[in-house]
Amino acid sequence: MSRLRLPKMERTSDSDPNQTAETNSDALNAAAPSSCSAASSLLCFAGNSAYGAIIGSFFGYGNGLIKKKGFKGSFVEARSSAKRYAVSYGVENLVHYQLNMLRGKDDVINAGVAGCCTGLALSFPGTPQALVQSCLTYGAFSFIFDGLYRKLAPAQESSSTNSDELREQINGEL
């Protein structure tokens with residue numbers, strides 16, 4: 001799922017290592033393609049929901065064709081899948097963004113709580129046991145995957161600088 005990623009804070013001068021280009025609140029409101037301002041968070045929610053609906057309809061339509069439901073049956077499957085993906089993308093991004101604004105930091109706890117809220121939204125007209133199970137499942141997966149992403153992202157950045165050297169070594173061995 002696409003999720004709000006906060007920009008890295010860079011130093012503005014070499015003389016003062018504690019001086020940053022942006023304050024914490026400015027970093028939360030930075031104009032990045034995947035971030036939203038506080039005033040437009042509902043528009044971001046609508047945009048993320050629309051994006052989820054488009055992705056979900058493609059997956060649902062393909063799933064219907066694989067199950068050999070025909071073209072009409074595939075459209076029914078696409079509509080159902082589009083609803084699930086729209087709710088999932090929209091709720092998770094809205095809650096994650098609001099938690100970033102409230103807590104002032106972007107961490108795995110925000111991802112876990114956003115996942116829990118997504119699970120609740122997806123299984124809402126259900127029994128209390130189903131709601132709790134869905135909340136815990138989505139929250140745990142979001143927490144784990146966001147934690148893994150945060151560990152692997154710096155490793156990918158450092159390894160991309162050495163990719164040319166690695167290609168040369170591989171081509172030299174072949």
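Of the contacts in the chain with a separation of 6 or more, 55% are between residues 24 or more positions apart. The model behind these values is a predicted one. Its chain has 174 residues, and 29% of them are buried. As for secondary structure, the chain holds six helices and zero strands, so that reading from the N terminus gives simply α-α-α-α-α-α.

Helix α2 takes in residues 41-66. Its 26 residues reach 37 Å from first C-alpha to last, close to the 38 Å expected at 1.5 Å a residue. Quite a roll of small side chains turns up when the buried positions of α2 are listed: S41, N48, S49, G52, G56, G60 and G64. Part of the cover over these buried residues comes from α3. Once α2 is over, K68 follows with a positive phi, near 60 degrees.Helix α3, residues 70-103, has 34 residues and reaches 48 Å between its first and last C-alpha atoms, again close to expectation, here 50 Å at 1.5 Å a residue. Just after α3 comes G104, which takes a positive phi of about 75 degrees.

Two residues of α3 show how this helix meets α2. S81 has its place in helix α3 and counts as buried, because its relative accessibility is 4%, under the 20% cut-off. Leaving aside residues up to four places away in sequence, S81 touches G56, F59 and G60. Of these, G56 and G60 are among the buried residues of α2. The C-alpha atoms of S81 and I55 lie 8.8 Å apart in space, with the two positions 26 residues apart in sequence.

G90 also lies in helix α3. This glycine counts as buried because its relative accessible area is 0%. With residues up to four places away in sequence left out, G90 touches F45, N48 and S49. Both N48 and S49 appear among the buried residues of α2. For G90 and N48, the C-alpha atoms are separated by 5.1 Å, although the two residues are 42 apart along the chain.

On to the pairing of α3 with α4. The axis of α3 comes within 8 Å of the axis of α4 (residues 108-122), and the two cross at roughly 145 degrees. The crossing of α3 past α4 is right-handed. On the α3 side, the residues in contact are R84, V87, S88, V91, E92, V95, H96, L99, N100 and R103. The α4 side supplies I109, N110, A111, V113, A114, G115, C117, T118, A121 and L122. Sorted by type, the residues of this contact come to 11 nonpolar, six polar and three charged.

Helix α4 itself has 15 residues, which should span 21 Å at 1.5 Å a residue; its end C-alpha atoms are 21 Å apart, in agreement with that. Its buried residues are N110, A111, G112, A114, G115, C116, T118 and G119. Several of them also take part in the contact with α3, including N110, A111 and A114.

The cysteines come next. A search of the whole structure turns up one disulfide. The partners are C116 and C135, with their sulfur atoms 1.6 Å apart. The angle about the S-S bond is -65 degrees, making the link left-handed. This pair ties together distant parts of the chain, with C116 in helix α4 and C135 in helix α5 (residues 128-161), 19 residues apart. Both C116 and C135 are buried.

C117, by contrast, is in no disulfide. The nearest cysteine sulfur belongs to C116 and is 5.6 Å away, whereas a disulfide calls for sulfur atoms within 2.5 Å. C117 counts as partly exposed because its relative accessible area is 28%. This cysteine is also one of the α4 residues that meet α3.

Note on methods
Residues numbered from 1 in each chain as written. Predicted model: local features only at pLDDT ≥ 70, side-chain atom pairs only at ≥ 80, totals over all residues. Heavy atoms only, no water. Axes fitted to C-alpha atoms, helices over the stretch in contact; angles between N-to-C directions. Helix = DSSP H or I, 4+ residues; strand = E, 2+ residues; numbered from the N terminus. Left-handed = near helix turned anticlockwise from the far one by under 90°. Contact = heavy atoms within 4.5 Å. Nonpolar A, V, L, I, M, F, W, Y, C, P; charged D, E, K, R; others polar. Buried < 20%, exposed > 50% of the residue type's maximum accessible area, 1.4 Å probe, protein only. Expected span 1.5 Å × (residues − 1).
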